[in-house]
Amino acid sequence: MSRLPSPLDKLPFPVIGSPLFIISNPKLVIAQCVAGVVGSMPALNARPAELLEEWLQEITGALAAHNAAHPERPAAPFAINQIVHKSNDRLEHDMALCVKYKVPIIITSLGAREDINAAAHSYGGVVLHDVINNKHARKAIEKGADGLIAVAAGAGGHAGVKSPFALVQEIRQWFDGPLALSGSIANGASVLAAQAMGADFAYIGSAFIATEEARAAQEYKQAIVDNNSDDIVYSNLFTGVHGNYLAPSIRSAGLDPENLPESDPSKMNFGGASAKAWKDIWGCGQGIGAIDQIQPAGAFIARLKQEYVDARNALLTRNYA
């Protein structure tokens with residue numbers, strides 16, 4: 001087993017809901033945490049920047065009220081995602097609020113900075129950094145991150161191309177701390193498989209888009225239900241960083257998903273222009289074939305838990321001798 005720091009050592013279920021740009025909001029985060037998985041959202045989803053403090057008050061207040069009313073089943077902790085990139089001119093402001101509200105888990109993306117890690121550690125927070133290869137994983141830990149999120153092939157939005165088997169085994173050769181695996185995970189059997197490979201947690205994003213609490217257009221949610229991995233396109237056109245997107249949204253924007261030009265990575269930006277891209281071009285992972293309905297986040301998590309138990313029981317009944 002990995003060395004898991006608090007609060008990661010007390011999770012009711014080994015799942016972290018990934019921060020969904022534009023889509024995640026306090027309502028979804030609270031529903032995820034109350035149902036027993038880590039709920040998260042990007043700090044940049046709060047626009048204008050002043051809204052972030054209101055959202056942190058809403059989340060911390062709701063979770064405290066739940067825990068007081070249900071001490072027998074406390075909520076899972078929540079996480080805030082920080083984009084550590086030069087185009088994010090809100091980083092210091094948003095991180096100061098995370099320190100003020102003692103956000104339990106900070107998820108960093110697109111850059112690792114020692115000062116951001118130190119700020120989280122100043123109040124006992126834990127930092128998880130998402131990576132697409134072993135080289136970036138080592139750099140993140142060297143700069144003070146506590147754990148890693150291995151973003152493997154098939155993950156929604158910005159994603160890598162490494163097989164989850166290769167990525168997890170290479171990281172586990174030298175790192176025994178918290179490790180989450182991202183990439184096409186949308187049912188309970190896949191959560192169990194992530195653990196079997198050596199990850200501590202499954203990192204699930206796209207499946208949560210098709211929940212009632214998610215701040216996504218109804219057409220986007222229905223597209224998650226109606227499509228599968230054949231409808232996912234990997235491109236760097238929209239933000240300068242390669243990611244996975246739903247082909248129908250690309251067609252709706254007047255583009256041919258099978259003939260997209262390459263973008264200049266040096267032009268990548270995560271401000272207003274990028275927000276428009278994410279709004280019109282729908283990020284999505286390859287695991288959506290398992291999603292067959294739009295439902296409350298709590299119902300989806302309950303389904304995950306039952307599938308997880310069923311898969312584990314089925315595995316235990318097999319004879320491999």
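**Close-up views of the predicted model**

**Figure 1. Packing of helix α7 against helix α12.** Helix α7 (residues 188-197) packs on helix α12 (residues 297-317) with 6 Å between the two axes and an angle of about 60°. In this predicted model, α7 and α12 are therefore oblique to each other. The crossing in which α7 passes α12 is right-handed. On the α7 side, the contact involves Gly188, Ala189, Val191, Leu192 and Gln195, and these meet Leu304, Glu307, Tyr308, Ala311 and Arg312 of α12. By residue class, the contact of α7 with α12 consists of six nonpolar, two polar and two charged residues. The charged members are Glu307 and Arg312, both of which belong to α12. Gly188 and Gln195, both in α7, make up the polar members.

**Figure 2. Packing of helix α3 against helix α4.** The axes of α3 and helix α4 (residues 114-121) approach to within 9 Å and cross at roughly 20°. Because angles under 35 degrees count as roughly parallel, α3 and α4 are described as roughly parallel to each other. Here α3 passes α4 in a right-handed crossing. Leu91, Met95 and Val99 are the residues of α3 in this contact, and they meet Ile116, Ala119 and Ala120 of α4. The contact of α3 with α4 comprises six nonpolar residues, with no polar and no charged ones.

**Figure 3. Surroundings of Phe238.** Phe238 is located in the loop that joins β10 (232-235) to β11 (243-246). The relative accessible area of Phe238 is 15%. Because buried means under 20% relative accessible area, Phe238 is classed as buried. With residues up to four places away in sequence left out, Phe238 touches Tyr245, Ile250, Leu255, Leu260, Ala277 and Ile281. One of these contacts, Ala277, lies 39 residues from Phe238 along the chain, and the C-alpha atoms of the two residues are separated by 6.1 Å.

**Figure 4. Surroundings of Asn134.** Asn134 is part of helix α5, which covers residues 134-142. With a relative accessible area of 17%, Asn134 is buried. Apart from neighbours within four places in sequence, the residues in contact with Asn134 are Leu167, Glu170, Ile171 and Trp174.

**Figure 5. Two cis peptide bonds preceding proline.** The bond from Ser6 to Pro7 is cis, and its omega is near 10°. Pro7 is placed in the segment before β1 (15-17). A cis peptide bond also runs from Arg47 to Pro48, with omega near 5°. Pro48 lies in the loop between β2 (39-42) and α2 (51-69).

**Figure 6. Lys102, a non-glycine residue with positive phi.** Although Lys102 is not a glycine, its phi is positive, at about 50°. Lys102 sits in the loop connecting α3 (91-100) with β4 (105-109). The relative accessibility of Lys102 is 52%, and the residue counts as exposed. The cut-off for this class is over 50%.

**Figure 7. Ser184, a non-glycine residue with positive phi.** Ser184 is not a glycine, yet its phi is positive, at about 65°. The residue is found in the loop between β8 (179-182) and α7. At 30% relative accessibility, Ser184 counts as partly exposed. The α7 helix that borders this loop is the one shown packing with α12 in Figure 1.

**Figure 8. Overall context of the close-up views.** The protein chain contains 12 helices and 11 strands. Its radius of gyration is 18 Å, close to the 20 Å given by the globule rule for 321 residues, so the chain is as compact as a globular protein of that length. The C-alpha trace spans about 50 × 50 × 40 Å along its principal axes. Of the 321 residues, 54% count as buried; Phe238 and Asn134 are both buried. Among contacts between residues at least 6 apart in sequence, 64% join residues at least 24 apart. The contact of Phe238 with Ala277 links positions 39 residues apart along the chain.

Conventions. Residues are numbered from 1 along each chain as its sequence is written. This is a predicted model: local features need pLDDT of at least 70, side-chain atom pairs count only at pLDDT 80 or more; totals for chains, interfaces and linings use all residues. Side-chain values use heavy atoms; hydrogens and water are left out. Helices (H or I, at least four residues) and strands (E, at least two) are DSSP runs, numbered from the N terminus. Buried means under 20% relative accessible area, exposed over 50%, partly exposed in between (1.4 Å probe, protein chains only). Contact means heavy atoms within 4.5 Å. Axes are lines fitted to C-alpha atoms, for helices over the stretch in contact, and angles run from 0 to 180 degrees between N-to-C directions. Angles under 35 degrees count as roughly parallel, over 145 as roughly antiparallel, 65 to 115 as roughly perpendicular and the rest as oblique. A crossing is left-handed if the near helix is turned anticlockwise from the far one by less than a right angle, and right-handed if clockwise. The radius of gyration is taken over C-alpha atoms; the globule rule is 2.2 Å times the number of residues to the power 0.38.
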